[in-house]
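Dear colleague,

Please find below the structure that I am handing over to you. My findings follow directly after it.

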Amino acid sequence: MVALAAPGESWHEDTTREEVSMKIQVDWDRCTGMGMCESLAPDVFEVDDDGSLIVHAEEVPEGMESDVREAVAACPTEALSLEGE
Ligand code: SF4
């Protein structure tokens, strides 16, 4: 006899963290445009001339996880966080 999953029962597969994309979250009320994030991950973060932060990627680009994590940790106002870590 073969056991089948009941209707509505989900089959949970193990995924590694590397396979899960991380989204960059910005608390815009906290960001003061200090630019620490830009200095650590300039391909992702940019502070324009009037001090406004521009985020060039909604999700952390492949190969930039380390730089973006450092930028998140270095933000003096804790305006940055990662979703899906
Ligand atoms: S380091 Fe933080 S406060 Fe500064 S620009 Fe980046 S997100 Fe904004």
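Reading from the N terminus, the elements of the chain follow the order β-α-β-β-α-β, which amounts to two helices and four strands. Please note that the model is predicted. Of contacts between residues at least 6 apart in sequence, 64% link residues at least 24 apart. The chain comprises 85 residues, and 15% of them count as buried.

The ligand is surrounded by 14 residues, with Cys31, Met34, Met36, Cys37 and Cys75 the closest. Two elements, α1 (36-40) and β2 (45-47), each contribute at least two residues to the shell around the ligand. As to the classes represented in that shell, ten residues are nonpolar and four are polar, while charged residues are absent.

Turning to the interior, the largest nonpolar core consists of 13 residues. Those with the most contacts inside this core are Cys37, Ala41, Phe45, Val68, Ala71, Cys75 and Leu80. Helix α2 (residues 65-74) provides the largest share of the core, namely three residues. In soluble globular proteins, nonpolar side chains tend to be buried together.

Cys37 and Cys75 deserve a second look: both are among the residues closest to the ligand, and both are also listed among the core residues with the most contacts inside the core.

Phe45, another residue of that list, is in contact with Cys37, Glu38, Leu53, Val55 and Ala71, when neighbours within four places in sequence are left aside. Of these partners, Cys37 and Ala71 are likewise named among the core residues with the most contacts.

With kind regards

Technical notes. Residues numbered from 1 in each chain as written. Predicted model: local features only at pLDDT ≥ 70, side-chain atom pairs only at ≥ 80, totals over all residues. Near = placed C-beta within 6 Å. Nonpolar A, V, L, I, M, F, W, Y, C, P; charged D, E, K, R; others polar. Core = buried A, V, L, I, M, F, W, Y, C linked by C-beta atoms within 7 Å. Buried ≥ 20, exposed ≤ 12 C-beta atoms within 10 Å, placed from the backbone. Contact = placed C-beta atoms within 7 Å.
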